[in-house]
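Please look over the sequence and the model below before reading on. The paragraphs after them go from a pocket to the surface.

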Amino acid sequence: MSSKAEQTAASLGWGHRFINAAMRTVYFGRIPVLDVGADPAARNESADRSKTFVRDESSSDSTTRSRPRLIISSHRNGATDGHQVLAAFPRAQFLISIQLIRSWFLRLFIAGIPVVRPKDVERYNLDPASVTSPVEAGTAHLRRGGDLGIFPEASSEWGHRPQHYKSGAARIACTLIEEGIDLEVIPVGLFYSTPDRFRSRAEVVRGKSITIPDRNGQDRSVWEDQVASAMGSALDEVSVNCPDEETFERIQANALDVARSTSGGAATFARAFLDLQRESTTAAADAAPAAASPAVTVLRWVGLALMWLFAPVLGAAAFAGSRADGRNTVTFFRLLGGFAAVMVWVPVLIVAAFFWPLVIGIGIVSAVCGWLLLGLRRFRL
């Protein structure tokens, strides 16, 4: 493998991790990580403290850990899904579409192991012989003991259930297991209360490590199918997986009501959604959600007004979001527009601070207050 490929296969650099963390925090706020696969004793101990089990993976992730982890995640909200996975696995590397790193601007905050599809070879005039298989690139990264994130659905869609899972993750797992590598496979569910709204809730659910079926002398293709089935079932357990659109909308709204009304703890929206999804035939799940209070709309406008100093950034983000081709890409487009505007507007504010320090200071304090107001638990979208 060339030095460039080796660099690509390394863990995500600190610069990209910092930018991704800043972008997701500004847009959504802190991303809670609900670990439903934790040891029951640890979960009970945590429940005594906060009534919900949430772990901060970034604080417990050891830099000396050598066991590779294959992270399979649901895909709900376009390229921003990778930001949420990084909240739980900050050193993860991803298989990403090559189109996301063709532009110098996108490469400022997107990095990963490029996946080149047959149509990409033709679209970008690439030499097929120079293109490394994503499976080969993924297995090489895991052999080094890294964390590899994969979205088995291959593309995102804001729907009531997952799209068809591709077999690449199972192929990678089977290859490494055959080589005698002790691989951990972790399912991750991503939840958004409102995927296309600024400061809505975004939460991550980390499931129990998947038990990979033994091969038992079976043909490789049969074994891969069994591994893929086990991965799909585990991912369904921690993801949005409703029988129809109507049930999804009802559970989504009711889970948001629970998150607003439950005091203390974190990741209550994801926990409530999963609980209601499992009980979708009961009266609790079928109950009509409460109507949104007019106070929510009023407070949002007040919060946005308080961020007047950053009006150019908000305006650029809103304009870019209006160009999105689907609800699942609005946030990504807004982040692109907002990030571009920040690169211009922040230097302007720094210069302005030398001439009008009081005005800029008041504007910054006002913006922070507005941002916090938009994130109030009882009114947050």
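What follows describes the largest pocket, two backbone positions and a nonpolar patch.

This is a predicted model, in which local features need pLDDT of at least 70 and side-chain atom pairs count only at pLDDT 80 or more, while totals for chains, interfaces and linings use all residues. Residues are numbered from 1 along each chain as its sequence is written, and side-chain values use heavy atoms, with hydrogens and water left out.

The largest pocket (on a 1 Å grid over the protein atoms alone, an open set of points where a 1.4 Å probe fits, with protein on both sides within 12 Å along at least five of seven lines; lining residues have an atom within 4 Å of a point) holds about 1100 Å³ of space, a volume filled by probe spheres set on the points. Its lining counts 41 residues, and His75, Leu95, Ile96, Ser97 and Ala154 lie nearest its centre.

Ala154 sits in the loop between β5 (147–150) and α9, strands being DSSP runs of E with at least two residues and helices runs of H or I with at least four. Its phi is near 75 degrees, a positive value in a residue other than glycine. Arg199 likewise has a positive phi, near 70 degrees, yet Ala154 is exposed at 54% relative accessibility, whereas Arg199 is buried at 5% (buried means under 20% relative accessible area, exposed over 50%, partly exposed in between, with a 1.4 Å probe and protein chains only).

On the surface, α16 (330–355) and α17 (357–374) each supply at least two residues of the nonpolar patch, and α16 gives the most, with six. Trp356 lies in the loop between these two helices.
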